[in-house]
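Colleague: Could you take me through this chain, beginning with the terms you rely on?

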Amino acid sequence: MRYIPWVPFTEDHSARHSVLATARRTADLINALAGDGAAGPEEIAALLRAHGETDPLDLTPGDVAGMRQAAARLREVFAAEDTDTAATVLNRLLRDHTGPLRLTSHGGDTPWHPHLDSDDDAPWDEWFLASSCMALAVLVWDRRRPPGGVCASPRCPNVFLAQGSGAERRYCSRRCATRERVAAHRRAHAEAPPTA
Ligand SMILES: [Zn+2]
């Protein structure tokens, strides 16, 4: 079993909240799965636990390799420059990599909610790609803007979720924003003509 209860049985957790939670999990997984020294089964299982997934999490290196491929595909949605591009990328992923929309209650354990994977026990990579496409598609629909972005720091591969409203963010974190501001300041200082 490898599902996160989509909507808790409490009134104060709306489906909207769950969509955002899923999208956050997507961004965290893409970042964890990026790069050569990327995380293995234990790190990915820990991350899934941190996002509410319950044990046992029987992830194999093969599962993680499949999830890494899914992460590379999902990264294209975050790299989209505008809403039209994000929608086009999502439509391609939905056409080529997910099943039709279906409802599941996980055998009565959760309220009925939508899934795009083929089965409640689908492989990890299929689940990751399908649940991510679902959440990102709803965010495009709801916000009418790209669901996220890629960190503007040339030294950082991280993706991030866009804020619901207000100014666009450019960096994945305060840390990256500060580092790039300092670097830009140093460059400007170094290029400044010497003062007599
Ligand atoms: Zn960054």
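Modeller: A residue is buried if 20 or more other C-beta atoms lie within 10 Å of its own, exposed if 12 or fewer, and partly exposed in between, with C-beta atoms placed from the backbone. This is a predicted model, in which local features need pLDDT of at least 70 and side-chain atom pairs count only at pLDDT 80 or more, while totals for chains, interfaces and linings use all residues. Residues are numbered from 1 along each chain as its sequence is written.

Colleague: What percentage of the 196 residues in the chain is buried?

Modeller: The count runs over the 196 residues of the chain. By the cut-offs just given, the buried share is 28%.

Colleague: Which helix gives the largest share of the largest nonpolar core?

Modeller: A nonpolar core is a set of buried Ala, Val, Leu, Ile, Met, Phe, Trp, Tyr and Cys residues joined through C-beta atoms within 7 Å, and the largest one has 38 residues, with Met-67, Val-77, Leu-90, Cys-133 and Leu-136 having the most contacts inside it. Elements giving two or more residues to this core include helix 3 (61-79), helix 4 (83-97), helix 5 (124-143) and strand 4 (159-161), where helices (H or I, at least four residues) and strands (E, at least two) are DSSP runs numbered from the N terminus. The largest share, eleven residues, comes from helix 5.

Colleague: Why does helix 6 lie largely in the open?

Modeller: Helix 6 covers residues 174-191 and has 18 residues. Helix 6 lies largely in the open because, of those 18 residues, the number buried is zero.

Methods. The expected span of a helix is 1.5 Å times one less than its number of residues.
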